Amino acid sequence: MENSKPTLADLLLIEVHRGWSRQAITLAGPVAALPMGTVVGKVTASGKYAPLTPAASNGSQVAAGVLIADAAASTPDKKADALLRGGVVNLAALVWPAGITDPQKATALAQLEAAGILAREAL
């Protein structure tokens, strides 16, 4: 994996059931390019998702899911595929916002676990 692009198998270790665990979500635009593994939060007012932003107060500060495919940059809102429940992800494959602290990361991991997404080190 050192010189190759990560695959879904690198991120998703266990999935309860594809049709239940995964969901098409709407990323609030404008959207920067986001790689697979990006931790996302749900904006309370719109119900749309955005990259996790620990300092926010609009809902995106609460980890709610993980992108399971790359999302290209887009000015308007963009559809994306995410794991929102019922899965185990590789901790090393998660993509965090720049500057996130260890306590913020621990909080986000606990929020993901409350949503039914466990993050573990791959064996």
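Author: Before we start, helices (H or I, at least four residues) and strands (E, at least two) are DSSP runs, numbered from the N terminus. This is a predicted model, where local features need pLDDT of at least 70 and side-chain atom pairs count only at pLDDT 80 or more, while totals for chains, interfaces and linings use all residues. Residues are numbered from 1 along each chain as its sequence is written, and side-chain values use heavy atoms, with hydrogens and water left out.

Reader: In which helix is the place of S21?

Author: Look at residues 18-21, since S21 sits within that stretch. G19 belongs to that helix too. The helix is α2.

Reader: Does S21 count as buried or exposed, and at what relative accessibility?

Author: The cut-offs are under 20% relative accessible area for buried and over 50% for exposed, with partly exposed in between (1.4 Å probe, protein chains only). G19 has 62%, so G19 is exposed. S21 falls under the buried cut-off, because its relative accessibility is 0%.

Reader: The side chain of S21 reaches the backbone oxygen of which residue?

Author: Contact means heavy atoms within 4.5 Å, and beyond four places in sequence S21 has contacts that include A82, L83, L84 and G86. A polar contact is stricter: a pair of N or O atoms within 3.5 Å, where within protein one must be able to donate a hydrogen and the other to accept it, and residues adjacent in sequence count only if both atoms are side-chain atoms. At 3.2 Å, the side chain of S21 reaches the backbone oxygen of R85.

Reader: And N90, which backbone oxygen does its side chain reach?

Author: N90 lies in strand β7, residues 87-90, and counts as buried at 10% relative accessibility. Its contacts, leaving aside neighbours within four places, are D10, L11, L13, R120 and A122. The backbone oxygen reached, at 3.1 Å, is that of D10.

Reader: Over to D77: with which side chain does the side chain of D77 make a polar contact?

Author: D77 is in the loop between β5 (63-67) and β6 (78-83), and counts as partly exposed because its relative accessibility is 35%. Not counting residues up to four places away, D77 touches T26, L27, A28, G29 and K48. A polar atom of its side chain lies 2.7 Å from the backbone nitrogen of G29. The side-chain partner, at 2.3 Å, is K48.

Reader: What is the C-alpha separation of D77 and T26?

Author: Along the chain, these two are 51 residues apart. In space, their C-alpha atoms are separated by 6.4 Å.

Reader: Is the peptide bond from G29 to P30 cis or trans?

Author: As a rule, most peptide bonds are trans. P30 has its place in the loop between β2 (22-27) and β3 (39-42). With omega near -5 degrees, the bond from G29 to P30 is cis.

Reader: Zooming out, what radius of gyration does the protein chain have?

Author: The chain holds 3 helices and 8 strands, in the order α-β-α-β-β-β-β-β-β-α-β. The radius is taken over C-alpha atoms, and the globule rule is 2.2 Å times the number of residues to the power 0.38. For 123 residues that puts a compact globule near 14 Å, which agrees with the value for the protein chain, 13 Å.

Reader: Of contacts between residues at least 6 apart in sequence, what share joins residues at least 24 apart?

Author: Buried residues make up 36% of the chain. Among the contacts you ask about, the share is 66%.
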